[in-house]
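Student: Could you take a close look with me at one part of this model, the enclosed spaces inside it and the helix packing around them? I would love one connected walk-through.

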Amino acid sequence: MPHRYRRLRATSTIRNFVQETHLRAYDLLQPFFVIDGKNKKDAIASMPGIYRFSTDPLLRAVEIYMRLGGRGGILFGVSDHKDNSGKYAYATNSPVVKAVQAVKKHFPEFLVVTDVCLCAYMTHGHCGVVEDQKINNDKSLPILSKMALAHAAAGADIVAPSDMMDFRVRAIRQELNKSHFEEVGILSYAAKYASSFYGPFRDAAHSAAGFGDRKTYQMDPANSREALKEALKDVEEGADMIMVKPALAYLDIIAVLRQKLTLPIVAYNVSGEYSMVKAAAQKGWVDEQSVVLETLTSIKRAGADIIISYHAQDALQWLQ
Ligand code: PBG
């Protein structure tokens, strides 16, 4: 006899018993933008509810997030100091270094991940060294490595290279090991697409490219096999976790990598995905809470072990 599937949907009790995917605090990483200065908390127009913090307000924000159950975050530096060499990216007094030191001093158990990329520290806004209007892969590697080392020395638990240069995971692993930071992990943005969903982030991080676009290093949204190729290479080079970015338009990529890899998969629910929900919710067109929880659950269902999301703090509040 054909089954009556509605039996298992009849009450919230039975629905909870048969629920397959669960969202918990340890699934989520909250992004934090960090800047220089004293007592600064600047709103980001294109990302309602998200701020750029100098160190003291950052500590308060982390404390609030932890009180809701938050267990880790990823830090992005926003810098006024930019040149064409990238030296500010690895400065030992960069906003990220100061933020990592402060957060680890006050909340040693909070998992601190740092984004490693040159775009916020380069006048031209590209993620690598530019020569003759081209991004030079191999000249970018030592700078990225020094940046990762500065973050590790400040106390970061995990560094997350997002530049999409070839061989950067290997270069960073070697640099960290040389200085005896063997225990600092690498979360590789392995499958990072040249996406239009990063728009609000570039506004937040002042990191838009001054000429051209990022298509010579970030991946073509039309490609799926390429994601597997990139991920397998980064595993071989020593990555501890693999990221897929963005998340929503790339759930198929998350699912494929989950099947083919044994490492944890991290999905990045990016700025554009966040701001679209915020804008529609502000207009009263969607219910923010249920849309966000449905979205985050679907990213987990697709196979992500961890989700980076600007909604993380709200989600934790709603899950309580
Ligand atoms: C830096 C970086 C970007 C994002 C994370 N790291 C922007 C980019 O590649 O242009 C995007 C994050 C988001 O949109 O939320 N390279």
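**Cavities and the helix α4**

Tutor: Happy to! A good place to start is the lining of the largest cavity, to which β4 (72–77), α4 and α6 (199–204) each supply at least two residues. Bear in mind that this is a predicted model. The space inside this largest cavity comes to about 200 Å³. Its lining is made up of 21 residues, and those nearest the centre are D115, C117, C119, S162 and F201. Sorted by class, the lining of the largest cavity holds eleven nonpolar, five polar and five charged residues.

How many cavities of 30 Å³ or more does the count give? There are two of them. The second largest has a volume of about 30 Å³, and around it sit Y198, F201, K245, Y268, V270, S271 and Y310. That lining consists of five nonpolar residues, one polar and one charged. Notice F201 here: it lines the second largest cavity, and it is also one of the residues nearest the centre of the largest cavity.

Now let us follow α4, one of the elements that supply the lining of the largest cavity, to its helix partners. Helix α4 spans residues 137–154 and packs against helix α5, residues 168–178, at an angle of about 45 degrees, with 9 Å between the axes. The two helices, α4 and α5, are therefore oblique to each other. In passing α5, α4 makes a right-handed crossing. On the α4 side the contact uses L141, L144, S145, A148, L149 and A152, while α5 brings R168, A171, I172, E175 and L176. Eight residues of this contact are nonpolar, one is polar and two are charged.

The other partner to look at is helix α3, residues 95–106, which packs with α4 at an angle of about 25 degrees, the axes lying 8 Å apart. Why do α3 and α4 count as roughly parallel? Angles under 35 degrees are classed that way, so α3 and α4 are roughly parallel to each other. Their crossing, too, is right-handed. V96, V97, V100 and Q101 of α3 meet A150, H151 and A154 of α4 in this contact. By class, the contact of α3 with α4 has five nonpolar and two polar residues, and no charged ones.

To draw the picture together: α4 contributes to the lining of the largest cavity, packs obliquely with α5 and runs roughly parallel to α3.

Terms used. Residues numbered from 1 in each chain as written. Predicted model: local features only at pLDDT ≥ 70, side-chain atom pairs only at ≥ 80, totals over all residues. Heavy atoms only, no water. Axes fitted to C-alpha atoms, helices over the stretch in contact; angles between N-to-C directions. Helix = DSSP H or I, 4+ residues; strand = E, 2+ residues; numbered from the N terminus. Parallel < 35°, antiparallel > 145°, perpendicular 65-115°, else oblique. Left-handed = near helix turned anticlockwise from the far one by under 90°. Contact = heavy atoms within 4.5 Å. Nonpolar A, V, L, I, M, F, W, Y, C, P; charged D, E, K, R; others polar. 1 Å grid on protein atoms, 1.4 Å probe; cavity = no way out; pocket = protein on both sides within 12 Å on 5 of 7 lines; lining within 4 Å. Points joined across faces, edges and corners; volume = space filled by probe spheres on them.
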